[in-house]
Amino acid sequence: MASLPTIEALRTYTGNATTADVAALTAFGDAGGGPFDMNAEDTASPHDGMMKVVTVVGRRWSRRHNNILDPRWFGVRFDWDGVSSRNDSPRLNDCLQEAQAINARVRCPPGRVAVVEPIVQPEKVAFRGAGPGLTALVSRIADAPVVQWGIGSYRRIGGFSLLRAVPATAGGHGLDAGSLTGDSFIADMRMNGHWHGLKLGPTAYGRVARVVVEDSYSTGVTLSNSPTFSALQWELDDVTSQKNEGRGYEVVSIPGPLYGVSMGQWSRTYTYANRAGGIYFIGSASAPSPRSRNSSCQRRGPCSSTQA
């Protein structure tokens, strides 16, 4: 086995070893190194300096990963000081894209990551931090989500605090899952200081558990179906929305091909000290809201159903 200090040292390695232990990505202590294996049968993989290394003599090395990716392998740093102009969004997005391509999961260590562009979580990818209060994704801009989901299914996210270093404006959500999704799970999260902490869109099935949303500049948690997909079947269990400038929760039913919005079960759903009220259901004559099953909905403030 070759013992090498950095990925660049592996790239220039000309010895005969077929395994290598690389200490760092670019500098000692960055936790971006790890074990690599030389694949003599691989003659086509391009060099990316993260998962694949092509040496100066044309040998190709692959990182050993066991289907769990560490963002530090891609250059993401978990030590943002809250002041510098660092932006780890591109590198973290590269890690998530690679996870989708090779059917792997992404696991983050404790620390704070500086975010400028949204972190776009692809479908069929599990994205996990060390726990809320331990791993924080901190947005440095006002008007974009910290994490964004597009159309797709089978996402898992949890173990993060989503924070914002500047006051949020419209569009500056914590987790924007407003597109059509299915069979996705959001758990063990804390979202502080966004426009909406959690924005949920139409889904055939989704689950939110052990989540706290607070100090939003508008409503804390919003749920809305779409004109083309009526189902809004998010199950909420042990979710708290508190101290928001708007409402705690707002459920909006949009007219579409089916009559009204179908919802998942809410249990242990809490709302405290929201300036504009607790839980609101907003519908119209052609799209009444809700068609729901609620249990143990606890609140301080009104729980209302209105006609738009």
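## Strand pairing exercises

In β14, Ser139 has Arg164 as its bridge partner. That pairing is one piece of a predicted model, and the exercises below work outward from it.

**Exercise 1.** Find which strands pair with β14, and in what sense.

*Solution.* Start with the pair just mentioned. Strand β11 (residues 135–139) runs parallel to β14, and four bridges link the two. Next, take strand β10 (residues 126–128): this one also pairs with β14 in the parallel sense, over three bridges. Here you can look for Ala126, which sits opposite Arg156 of β14. Then move on to strand β17 (residues 184–192), joined to β14 by six bridges, again in the parallel sense. A handy marker for this pairing is Phe160, whose bridge partner in β17 is Met189.

**Exercise 2.** Work out how many residues of β14 are buried.

*Solution.* β14 covers residues 156–164, which makes nine residues to check. Count a residue as buried if its relative accessible area is under 20%. Eight of the nine pass, so the strand is mostly covered.

**Exercise 3.** Decide whether Ser153 is buried or exposed, then list what it touches.

*Solution.* First place the residue: Ser153 belongs to strand β13 (residues 152–153). Its relative accessible area is 22%. Buried needs a value under 20% and exposed one over 50%, so Ser153 ends up in between, as partly exposed. Now for the contacts. Skip the neighbours within four places in sequence, and you're left with Glu123, Lys124, Thr181, Gly182 and Ser184. Finally, try a distance: between Ser153 and Ala17 there are 42 Å, C-alpha to C-alpha, and 136 residues along the sequence.

**Exercise 4.** Trace the open sheet that contains β1, and explain why one side of β1 and of β4 has no neighbour in the sheet.

*Solution.* Walk across the five strands and you get β1-β2-β3-β5-β4, with mixed pairing. β1 (2–6) and β4 (52–54) are at the edges, and each has a single partner strand, so one side of each lacks a neighbour in the sheet. Neighbouring strands here are turned against each other by 30 degrees on average, if you ignore direction.

Now zoom in on one pairing of this sheet. Strand β2 (residues 19–24) and strand β3 (residues 34–38) run antiparallel, joined by four bridges. To find one of these in the viewer, pick Val22: its bridge partner in β3 is Gly34. As a reminder, strands of a sheet pair through backbone hydrogen bonds, in either a parallel or an antiparallel way.

Terms used
Residues numbered from 1 in each chain as written. Predicted model: local features only at pLDDT ≥ 70, side-chain atom pairs only at ≥ 80, totals over all residues. Heavy atoms only, no water. Pairing = 2+ DSSP bridges. Axes fitted to C-alpha atoms, helices over the stretch in contact; angles between N-to-C directions. Buried < 20%, exposed > 50% of the residue type's maximum accessible area, 1.4 Å probe, protein only. Contact = heavy atoms within 4.5 Å.
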